[in-house]
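Here are some exercises to work through with a structure open beside you. Take your time with each task, then compare your reasoning with the solution below it.

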Amino acid sequence: MDNQSDPEGAAENKPPRGNSAWLPAWLRRQPTWLKAVLAMVLVIALGSTAYAFSQVGRGGAPTPTASAVPTAEGATAPPSTEAPAPTPTPTPTPTPEPPPVALNILLIGSDSRGDFRAEEAQAAAGTPADQRGDVLMLIHIPADRQRVYGISIMRDMWVNIPGYGESKVNAGLELGGTPLMVRTVETLFNTHIDHAVMVDFKGLWDATNALGGVDVNVTVPFTSTHDTRHSFPAGINHLDGGAALEFVRERYAFADGDFQRIRNQQTFLKAFIGKFMSEGTLSNPAMVMLLVNTLRPFVLVDPGLTPETLVRLGFSMRGVGAEDAMFFRLPDGGFGTSTTGQSIVFQNPAAVAAVSAALANGTLADYVAANGFEGGN
């Protein structure tokens, strides 16, 4: 992605009008920050830009009003009606930025068929809801901001859910909403998760349509067992929203089930990011805002992901492109059956320990390279 400033800024790249006083001066002067934010936040969570841009640009800076002018005797006189001489605008002193630190963001794809916001509120309040984490991906952004890593966790992996004992990892969303899902993944990797983003399936459908569809390379041809029973032949397939949803949800059509589904999810996510980051999309303000408004109803973010946080994060990653997003699946310990008769996926303790150590030590790049995950798995 181009990280060069466009002098004076082309009209289509200028920040939206409104009150941007909360942005540091150095950031307000950059015409490329909008592109960086939109592109990289989508790497993080497909749609969390919707929240950021629902806030950025609202309202306007207060307009100073004329005040009474003291006279020599201490009385007041009406303000002058003459236009004052223009005063040169002082150049603000940039506020030093703290050194960046690594971030972990949990991306959750809810399988809710109803009101996912109501179900999330119900589960977070302690009453199990009809939703599970069908897509679980830990997004790791290193302190140097040179790459983004996505670690997919199989939905049937048998883990400890704090306060509930052992269960499939995706049950965390059902039993306690996003807060419990976050604690469950934190326990699995013995690491801290800074932010969480949950995306409803309907958002994926509409976002894909807003982009005009997405091209994916189907390496394992199949016919979906969902909805329209869409057929996916080998090779490049152009997917609209409905087909995209069937593509990322399917597992019953594959001999290895959820393994291929995760590969397909990663394939789609990379294709979606690449389409969004294409110059034709990012340079079209109408397209950008259409996508933002389309995604907004289907995304939940934690309160810490404020517009300012998203802008700063996006700007810090302005040199990262879609090719720098590395996805891999957390290695497992094979299939099995739980004591309650559920078909489950066992953990691979050595792999979990190695990933946990890499997250803690900032050496995930070495782990990915050593295990041949550069192209995903």
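The exercises below concern this predicted model, and each comes with a worked solution.

**Exercise 1. Describe the overall make-up of the protein: how many helices and strands does it have, and what share of its residues is buried?**

Solution. Begin with the secondary structure: there are 13 helices and 16 strands. Next, turn to burial, where 50% of the 377 residues count as buried. Then look at the surface, which comes to about 17,400 Å², with 55% of it belonging to carbon and sulfur atoms. Finally, consider the contacts with a separation of 6 or more: residues 24 or more positions apart account for 68% of them.

**Exercise 2. Find the largest nonpolar core and say which residues touch the most other members.**

Solution. Start from the 42 residues of this core; V216, L239, F247 and F268 are the ones that touch the most other members. Now ask which helix gives the most to the core: it is α8, residues 258-276, with six residues. Then take L239 as an example. Leaving aside neighbours within four places in sequence, L239 is in contact with T208, G213, V214, V216, F232, A244, F247 and F268. As a last step, look elsewhere: another core, of 40 residues, lies apart from this one and includes L175, L180, V185 and A358.

**Exercise 3. Decide whether helix α6 is largely enclosed or not, and give the reason.**

Solution. First list the buried residues of α6: F201, G203, L204, D206, A207, T208 and A210. Then compare with the length of the helix: seven of the ten residues in 201-210 are buried, so α6 is largely enclosed by the rest of the structure. To finish, step past the end of the helix, where α6 is followed by G212, with a positive phi near 85°.

**Exercise 4. Work out which parts of the chain are tied together by the salt bridge between R251 and D156.**

Solution. Begin with the pair itself: the side chains of R251 and D156 meet at 3.2 Å, N to O. Next, place the partners. R251 is in the loop between α7 (241-249) and α8, while D156 is in the loop between β5 and β6, so the salt bridge ties together parts that are 95 residues apart in sequence. Both residues are buried, and the relative accessible area of D156 is 10%, under the 20% cut-off. Now widen the view: R155, D156, K168 and R251 are linked in a network of salt bridges. The D156 side chain also makes a polar contact of 3.5 Å with the side chain of R155. Not counting residues up to four places away in sequence, D156 touches K168, R251, S343, I344 and V345.

**Exercise 5. Classify the partners in the D256 and R263 salt bridge and in the R329 and D332 salt bridge as buried, partly exposed or exposed.**

Solution. The structure holds seven salt bridges. In one of them, the side chains of D256 and R263 meet at 2.4 Å. D256 has 28% relative accessibility and is partly exposed; R263, at 26%, is also partly exposed. For R329 and D332, the closest N and O atoms are 2.8 Å apart. Here R329 is buried at 11%, and D332 is buried at 18%.

**Exercise 6. Say where N190 and D227, with their positive phi values, are found.**

Solution. Recall that most residues other than glycine have a negative phi. N190 has a phi near 50° and is found in the loop between α5 and β8; D227 has a phi near 45° and lies in the loop between β10 and β11. Lastly, check accessibility: N190 is exposed at 71%, and D227 is exposed at 52%.

Note on methods: Residues are numbered from 1 along each chain as its sequence is written. This is a predicted model: local features need pLDDT of at least 70, side-chain atom pairs count only at pLDDT 80 or more; totals for chains, interfaces and linings use all residues. Side-chain values use heavy atoms; hydrogens and water are left out. A nonpolar core is a set of buried Ala, Val, Leu, Ile, Met, Phe, Trp, Tyr and Cys residues joined through side-chain atoms within 4.5 Å. Buried means under 20% relative accessible area, exposed over 50%, partly exposed in between (1.4 Å probe, protein chains only). Helices (H or I, at least four residues) and strands (E, at least two) are DSSP runs, numbered from the N terminus. Contact means heavy atoms within 4.5 Å. A polar contact is a pair of N or O atoms within 3.5 Å; within protein, one must be able to donate a hydrogen and the other to accept it, and residues adjacent in sequence count only if both atoms are side-chain atoms. Accessible areas come from the Shrake-Rupley method with a 1.4 Å probe; for residues, only the protein chains shown count as cover. A salt bridge is a side-chain nitrogen of Lys or Arg within 4 Å of a carboxyl oxygen of Asp or Glu.
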